[in-house]
Amino acid sequence: MEYSLILHNLHVVPSSHVKNKLFVFCIMLSLWVYMIYCCVGYCSTMPNLTYGSVNRHENDSEIDNQESFLGASRELLINENDLDSRGEEWYEIRGEAKALDDNALSVFLNESESKKLPQAIIIGVKKGGTRALLEFLRLHPDIRAVGAEPHFFDRNYDKGLEWYRELMPKSSEGQLTMEKTPSYYVTKEVPARIYTMSKDTKLIVVVRDPVTRAISDYTQTRSKKPDIPSFESLTFKNMSSGLIDTTWSAVQIGMYAKHLERWLQYFPLEQLLFVSGERLISDPAGEMARVQDFLGLRRVVTEKHFHFNPAKGFPCLKRPEGNSKPHCLGKTKGRTHPNIDPEVVQRLRDFYKPFNRKFYQMTGHDFGWD
């Protein structure tokens, strides 16, 4: 429609300015077609290159003995890279390329678009379902979101807000700019920093049964470091005492109430939305209705956008129109969890009970984890 309007305007006002703009548009369109063509041949090699770089990094960081490795594993690595593996890295790169392709013409024709600081942020939690939520939200025409995790408020804060703004995609009036970095929720300095940027920022936390979340977290780490100690040995300060090691990040992240107390020092509860990671799988349309309402958006993303994949155990995305194949999240999603000693699982459940109950009281929502 916009292209037709340009042709119509050429007949009405045959100015050199309009002709020049049409000429530039044609050149830009040709460049995009050429870039997409080149990417088709290049894409097949990218995963292997990424895998090689990951392997080299892991080999360089091997630990000399089991005792020192165990100590390092217990640290709260909130600055750890949250990308699952080369599969998810490639998935994000491909998603960003698709977003650029989809928005290229609208950006060119709509000169009012600009880069804005995010008005809403998915702040956590790791292995809770933040990647799925972000991809679901990117279906909405009124949302512009960066796919990769910026880690601005925890790792790159010294680079300044303008650096952060430049990472954001362009958006027009009425569109919402978003990002997600799961480590924000557990990083002490982040609430004050986001408040300094904008006290009106809307915050979304995706939470999941903390025991299941901890096992999923461990499974991701073990996929990168097969020699990591057992889940059981990392869970306790020492096996004989039976005391839970709360300095291990996989355990500490699930103490949701403790982290929420820091956020409530800066933001009112109504400015935070808590999304159930379990319901995001079992009822994605229902949770998305809550998210869209919270963000003040039309309910565009509905049940017609989802197709449950029983093999992977979570929903895939589909376009309501047409017969295209549903688009599932990366291969790294839905890993098989290792078998954990049932006694260890029960001890973890007992450990989390008081934290869960306090979290239910603070949020006014019972997530049913006990």
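Tryptophan 369 offers a good way into this structure: at a relative accessible area of 7%, the residue is buried, a term that stands for under 20% relative accessible area, with exposed meaning over 50% and partly exposed anything in between (1.4 Å probe, protein chains only). The model is a predicted one, in which local features need pLDDT of at least 70 and side-chain atom pairs count only at pLDDT 80 or more, while totals for chains, interfaces and linings use all residues. Residues are numbered from 1 along each chain as its sequence is written, and side-chain values use heavy atoms, leaving out hydrogens and water.

Tryptophan 369 has an aromatic partner, phenylalanine 367, which counts as buried at 11% relative accessibility. The structure holds 25 aromatic pairs, where rings of Phe, Tyr and Trp (its six-membered ring) pair if their centres lie within 6.5 Å, and planes under 30 degrees apart count as stacked, over 60 as edge-to-face and the rest as tilted. Phenylalanine 367 and tryptophan 369 are stacked, with 5.0 Å from centre to centre and 15° between the planes. Phenylalanine 351 and tyrosine 352 instead form an edge-to-face pair, at 5.2 Å centre to centre and 65° between the planes; both of these residues are buried. Elsewhere, one aromatic cluster is formed by Phe152, Phe153, Tyr157, Trp163, Tyr164 and Tyr184.

For the wider view, the chain contains 15 helices and nine strands; these are DSSP runs numbered from the N terminus, helices being H or I of at least four residues and strands E of at least two. Of the 370 residues in the chain, 45% are buried. Contact here means heavy atoms within 4.5 Å, and among contacts between residues at least 6 apart in sequence, 73% join residues at least 24 apart.

Two helices that meet are helix 9 (residues 210-224) and helix 15 (residues 342-363), whose axes come within 9 Å and cross at roughly 125°. Axes are lines fitted to C-alpha atoms, for helices over the stretch in contact, and angles run from 0 to 180 degrees between N-to-C directions. The crossing makes helix 9 oblique to helix 15, the class left over once angles under 35 degrees are called roughly parallel, over 145 roughly antiparallel and 65 to 115 roughly perpendicular. Helix 9 contributes Pro210, Val211 and Thr212 to the contact, and helix 15 contributes Val345, Leu348, Arg349, Tyr352 and Asn356.

Helix 12 (residues 256-263) is largely enclosed by the rest of the structure, because six of its eight residues are buried. Those buried residues are Tyr256, Ala257, His259, Leu260, Arg262 and Trp263.

Loops have buried residues too. Lysine 127, in the loop between strand 2 (120-124) and helix 6 (130-137), is buried with a relative accessible area of 14%. The side chain of lysine 127 makes a polar contact of 3.1 Å with the side chain of glutamine 220; such a contact is a pair of N or O atoms within 3.5 Å, where within protein one must be able to donate a hydrogen and the other to accept it, and residues adjacent in sequence count only if both atoms are side-chain atoms.

Glutamine 175 sits in the loop between strand 4 (170-171) and strand 5 (176-180) and is buried at 11% relative accessible area. Leaving aside residues up to four places away in sequence, glutamine 175 touches Glu113, Gln119, Pro141, Asp142 and Arg144. Polar atoms of the glutamine 175 side chain lie 3.1 Å from the backbone oxygen of proline 141 and 2.8 Å from the backbone nitrogen of serine 172.
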